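Reader: I'd like a close look at one part of this protein, and then how that part sits in the rest of the chain. Could you walk me through it in one go?

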Amino acid sequence: MNPKIMVFIPAYNCERQLPRVLMQFSAAVLTHVQEIVVINNRSTDDTEQVAVAYAQEHTKFPLTVLRNKENYG
């Protein structure tokens, strides 16, 4: 069995940084990753939309986008 990890990326107002961070996951690294979860902490910019667009554009990328009900600081 080849154990895999989950990666959690908390994000708040990171629309510019998020694509750069996601692009750092090379194909070699992704072989060890089960899922990448971006958790939008109620951003006031387009962080969530950028993450969703990235997931739609990179359909083989194991990305899930979630949103907190409140900003937890």
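Author: Leave out residues up to four places away in sequence, and V33 touches K4, I5, V7 and P62. Keep in mind that this is a predicted model. V33 itself is found in strand 2, and that strand runs over residues 33–40. P3 is worth a look here too: 30 residues separate V33 from P3 in sequence, yet their C-alpha atoms are 8.7 Å apart in space.

Is V33 buried or exposed? Its relative accessible area is 4%. Buried means under 20%, so V33 counts as buried.

For contrast, try A53, which lies in helix 3. With a relative accessible area of 37%, A53 is partly exposed, because that label covers values between the 20% and 50% cut-offs. From A53 to L66 you go 13 residues along the sequence, and C-alpha to C-alpha the two are 13 Å apart.

Now step from V33 to the nonpolar core. The largest one has 14 residues, and those touching the most other members are I9, L22, I36, V38, F61 and L63. Strand 2 gives two or more residues to this core, and so do strand 1 (5–11), helix 1 (18–23) and helix 3 (47–57). I9 is a good place to park your cursor: skipping neighbours within four places in sequence, I9 is in contact with L18, V21, L22 and F25, and also with I36, V37, V38 and I39.

Zoom out and you can place these pieces in the whole chain. There are 3 helices and 3 strands, and reading along the sequence you meet them as β-α-α-β-α-β. Contacts across long stretches of sequence feature heavily: among contacts with a separation of 6 or more, 80% are between residues 24 or more positions apart.

As for overall size, the C-alpha trace spans about 40 × 20 × 15 Å along its principal axes. The radius of gyration is 12 Å, which agrees with the value near 11 Å that a compact globule of 73 residues would have. Buried residues, V33 being one of them, make up 29% of the 73.

Last, the surface. The chain exposes about 5200 Å², and carbon and sulfur atoms supply 54% of that area. On the charge side, you'll find 7 positive and 7 negative side chains, with the centres of the two sets 5 Å apart.

Technical notes
Residues are numbered from 1 along each chain as its sequence is written. This is a predicted model: local features need pLDDT of at least 70, side-chain atom pairs count only at pLDDT 80 or more; totals for chains, interfaces and linings use all residues. Side-chain values use heavy atoms; hydrogens and water are left out. Helices (H or I, at least four residues) and strands (E, at least two) are DSSP runs, numbered from the N terminus. The radius of gyration is taken over C-alpha atoms; the globule rule is 2.2 Å times the number of residues to the power 0.38. Buried means under 20% relative accessible area, exposed over 50%, partly exposed in between (1.4 Å probe, protein chains only). Contact means heavy atoms within 4.5 Å. Accessible areas come from the Shrake-Rupley method with a 1.4 Å probe; for residues, only the protein chains shown count as cover. Lys and Arg count as positive and Asp and Glu as negative; His and the chain ends are not counted. The place of a charge is taken as NZ of Lys, CZ of Arg, CG of Asp or CD of Glu. A nonpolar core is a set of buried Ala, Val, Leu, Ile, Met, Phe, Trp, Tyr and Cys residues joined through side-chain atoms within 4.5 Å.
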